[in-house]
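Biologist: I'm new to reading models like this one. Could we go through it together, with me asking and you reasoning aloud?

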Amino acid sequence: MSEFSVIGRRLPKVNSWAHLTGQARYADDLFLPRMLYGRLLRSTRPHARIRRVDTSRALAHPGVVAVVTGADMPEKMGIMPSTQDETALAVDRVRYVGEPVAAVAALDEDTAFDALSLIQVDYEDLEPIFTIEEALEREDVKIHDEAKRANVFKEVHLSFGDLVGGFAAADHVRDDWFFFEGNTHAPIESHSAVAWFGADDKLTLWTATQVPHYLHRELEKVLGLPRSRIRVIATPNGGAFGGKSDPFGHEFAAALLSMRTRRPVKITLDREEVFYAHRGRHPVKMRIRTGVKKDGEITAVHYQSWLDGGAYASYGIATTYYTGALLTVTYRIPAYKFDGVRVYTNKPPCGPKRGHGTTQPRYGFECQIDKIAEDLQLDPLEYRKKILQPANSRTVNELRITSMGLGECLDALQRATRYSERRGQLGRGKGIGLAGSAYISGAGLPIYWNEMPHSGAEIRTDRGGGVTVMCGTSEIGQGSDNMLASVAAEALGIMPADVHVVSGDTSLAPVDLGSYSSRVTFMAGNAVRDAAMKLRALLVAAAAEKLEVPADRLLSAYGRIYDRDDPAKFVAFADAAVLAESKHGTLVAAGSYKPPKGIGGSFKGAGVGPTPAYSYQAAVAEVTVDMDTGVVTVDKVTTAHDCGRALNPANVEGQVEGSAYMGYGEIIGEEQVFRGGLHKKPSLLDYKIPTSLDTPVLEALIVESVDDEGPFGAKEAGEGPLNPVIPAIANAVYDAIGVRFDETPITAEKVLNALGKRDRRGEPKTRIGPDGLDAGKSDPKRALRRLTASTDARERKRPLN
Amino acid sequence: MTKQLLTLRVNGEPRTIAADPHHTLLEVLREELGLTGTKHGCELGECGACTVLVDGIPVLACLTLPALVGDANVTTVEGLAIGESLHPLQIAFAEEGAAQCGYCTPGMLMTAKALLDTTARPTRAQIASAISGNLCRCTGYTAIYEAIEKAAARA
């Protein structure tokens, strides 16, 4: 019998009933008395100076109540305090097609929409930049004047261990280029916010956000309204995947329009606008050099990435570091060098999408590991098992590893798929591929420097035994409300259905930093567990008095606090609540969580990568390639995921399957691409997210490593499982047709192209992918030389450690 | 624009409203009748989030003008439960974790109901085909298949 009464059971989510009856209230479902409807005017130019914005005709339009422009909110904002380069609405310059320029509030949405065409914007076009290579080279065109070199947003160089010695000791060195195309989250719910500045001079903002706390801070900065007068309520997000974790123009615009009109204002983006809001996966070019001994032991890795960041910073500083930070946590790497460059281009800003910055390098690295295994004639699964980073260790870049279940994941996959026997044996057109991965259970540092908890929770009981949990987490569909209820219920010995959850409300709930970086289960879970255990102690003390049994003999489950030695002796939970309130006074407890110190290094840039625990996962993909049409059908994806402990296995499987689905979409065709600065496919007809008929059979295998520091042993499950799916499919396509896809997505067109082409020696083409930075207007070799030169210069300055 | 009086039968109830004639069934349900359970994801007929039943047939409310519905029966997610009892699909979706963010769920449920009303024990291929116009970005569809199969088995 399980030691738990709630944890590990497939109980329905506490918030599922609202979802299933249409009672869940998303932001756009809110209709307030006297509410106005807002719409945003967006830039039609990729790069232009704004000479003048004339709103007079729009203001005069019947039914229009207010119009605001960038000049009304010129304060810089952005999610990362150190790189704030955006304004809520464009002030004197636009940097991508779709950037918000002005906002209208009107009596109804049709009127607001009509009024947009009456706003006259006088643009002076500037030369746009669309590619990484141009951005690196063009000193004469500056998307942001602050950029020191050309259009470089951030450049990082980190080196660990003896890289020169490592490569010298290698028997074999692979040097591969990769390109990962950008793509977007495409949640089914578009962004929406309702603002209400009331007669008490207080602003309430209901919004589909993953980060109510960070948004709270930015609202104060941009609106000039003290934070004490602002309340942010994160409504249930209808999907987010990282796409709702920045502060957005429409949120500030709704707030300011409400302050101007003293009426509620709603702004809901339409589907096309969601593609401009973006903050999705960065397009990344990568070069990976890996040295290995004859037996495959890695001696050194040099990883370089060039990120196309789009027009603004977003999380870009973190994204840049993330491309290099987590390659070291899966396999032993004794020497490691990372160079990363993120550039500005005149496209919608890129940001965090599920797997944030780790998805692209993991794709490249796992494809390369597959190549190394082939070069050395090793079984790719056995090879990975042989070089695993051990549990309870430090990586070369000083990351603390605790529980580590990648080996068990690989074993589970071999049992489920017989990968090793089937690889290379399925015949032409059929293939099987494998990849491993890891992810963080929450970022080790908050976005702004502070010593406060990353997550706080309050818990109270009413006199009927009802329990209310308050925590600032944002429910984005990942199941955070249910996680809070389940952890509290397990700790107190009641059922999740008896727990009321108040989440995502900056006035009612203690701060949780937000639903990003897969941090909620680990961090908010620990905070609520801490709070619940304190409350439990009060209840148990009162019950012990009543039962005349020592408190340490009492257990709690199924609504009873009972004597371990004589379970017939018990106090019902509701009675214990009354006894405890009589004994202690009003029953409230608070808990908090902050990651331990020392989980990462102390060098500059060490803040990105550490986490209290890494999740591990691996995937096997099985594919069929149609040799006539080039269509790749992914028949099945099996993913094994080490989530520490599955608090609710059904929900863990849901995250693992959903991740596999999203990864599948990314490699098989989703791409956020542009023509002359115009988005090529800003609709769900053209940007094809997989339907039920496209999606492979998905199987999730849960591996439980039971992490010592996780709440009841749990780690993350929401993001990591996406990562291995993409390289597993690429490796499976190679197994099927002998062509390496060193770029995503793998479209039918590219497959046909590869199958029909021969290289210079007349041999069939065996690889699709970049050979370096592209030739274009600029000289890519020069760009590369310059980058290498600056890297080397820094290298000489810093002593080898 | 002049509003027009319109009487619809929604979830078995006659409802008379005044609405702009170009407003869609989706807008009328959500904004005039307060039935916000029906969602909008694209308003271009791409995502299926707004699926409702018109005389038992799934239609995209975002592409339907109310005037064309006439006196047909419109069923939304709010009309899925029978009195105090939830529909077997709702229970099965909860048990299987088939709703993550829940945003595609109302449309998905209506499509699934139309399927089960005509095909008592659908195969997985039939389910996949039936829900192929309802995009879900969270689940990968597996839990949805399992929930629909479970509801069918209980009926």
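Modeller: Sure, and here's a term to start with: two residues are in contact if their C-beta atoms, placed from the backbone, lie within 7 Å. Helices (H or I, at least four residues) and strands (E, at least two) are DSSP runs, numbered from the N terminus. Residues count from 1 along each chain as its sequence is written, while chains are lettered from A and ligands numbered from 1 in the order in which they are written. Keep in mind that this is a predicted model, where local features need pLDDT (the predictor's confidence in each residue, from 0 to 100) of at least 70, side-chain atom pairs count only at pLDDT 80 or more, and totals for chains, interfaces and linings use all residues.

Biologist: What do the buried residues of α16(A) pack against?

Modeller: Helix α16 of chain A covers residues 573-584. Its buried residues (20 or more other C-beta atoms within 10 Å of their own; exposed is 12 or fewer, partly exposed in between) are F573(A), A576(A), A577(A), L579(A) and A580(A). In chain A, they pack against β19 (455-461), α15 (520-547), β23 (560-563) and β24 (566-572).

Biologist: What phi does G585(A) take?

Modeller: The twelve residues of α16(A) reach 16 Å from first C-alpha to last, close to the 16 Å expected at 1.5 Å a residue; that expected span is 1.5 Å times one less than the number of residues. Just after this helix, G585(A) has a positive phi of about 90 degrees.

Biologist: How many residues of α6(A) are buried?

Modeller: Helix α6 of chain A, residues 212-223, has twelve residues. Elements of chain A that cover its buried residues include β10 (203-207), β11 (230-234) and α7 (249-261). Among the buried ones are Y214(A), R217(A) and L219(A). The helix is mostly covered, and of its twelve residues the buried ones number ten.

Biologist: Is L701(A) buried or exposed, and why?

Modeller: L701(A) sits in strand β30 (residues 697-703) of chain A. Leaving out residues up to four places away in sequence, L701(A) touches A412(A), A416(A), T638(A), T639(A) and A640(A). Because L701(A) has 22 C-beta neighbours inside 10 Å, it counts as buried.

Biologist: How far apart are the C-alpha atoms of L701(A) and L413(A)?

Modeller: Along the chain, L701(A) and L413(A) are 288 residues apart. In space, their C-alpha atoms are separated by 8.0 Å.

Biologist: Zooming out, what radius of gyration does chain A have?

Modeller: Chain A has 20 helices and 32 strands, and 63% of its 801 residues count as buried. The radius of gyration is taken over C-alpha atoms, and the globule rule is 2.2 Å times the number of residues to the power 0.38. With 801 residues, a compact globule would come out near 28 Å, so chain A agrees with its 27 Å.

Biologist: And what is the pattern of chain B along the sequence?

Modeller: Chain B has six helices and five strands. Its C-alpha atoms fill a box of roughly 50 × 30 × 25 Å along the principal axes. Read along the sequence, the pattern is β-β-α-β-β-α-β-α-α-α-α.

Biologist: Which strand gives the most to the side of domain 1 of chain B that touches domain 2 of chain B?

Modeller: The domain assignment (automatic or from a database) splits chain B into domain 1 (4-79) and domain 2 (88-154). There, 15 residues of domain 1 are in contact with 13 residues of domain 2. On the domain 1 side, β3 (51-54) and β4 (57-60) of chain B each supply at least two residues. With three residues, the one that gives the most is β3(B).

Biologist: Which helix of chain B gives the most to the side that touches chain A?

Modeller: The contact takes 40 residues from chain B and 39 residues from chain A. On the chain B side, α3 (88-96), α4 (105-118), α5 (124-130) and α6 (142-154) each supply at least two residues. With five residues, the top contributor is α3(B).

Biologist: Last one: what ipTM does the predictor give the complex?

Modeller: For chain B, the mean pLDDT is 96, and 99% of its residues reach 70 or more. For the complex, the predictor gives a pTM of 0.96 and an ipTM of 0.98.
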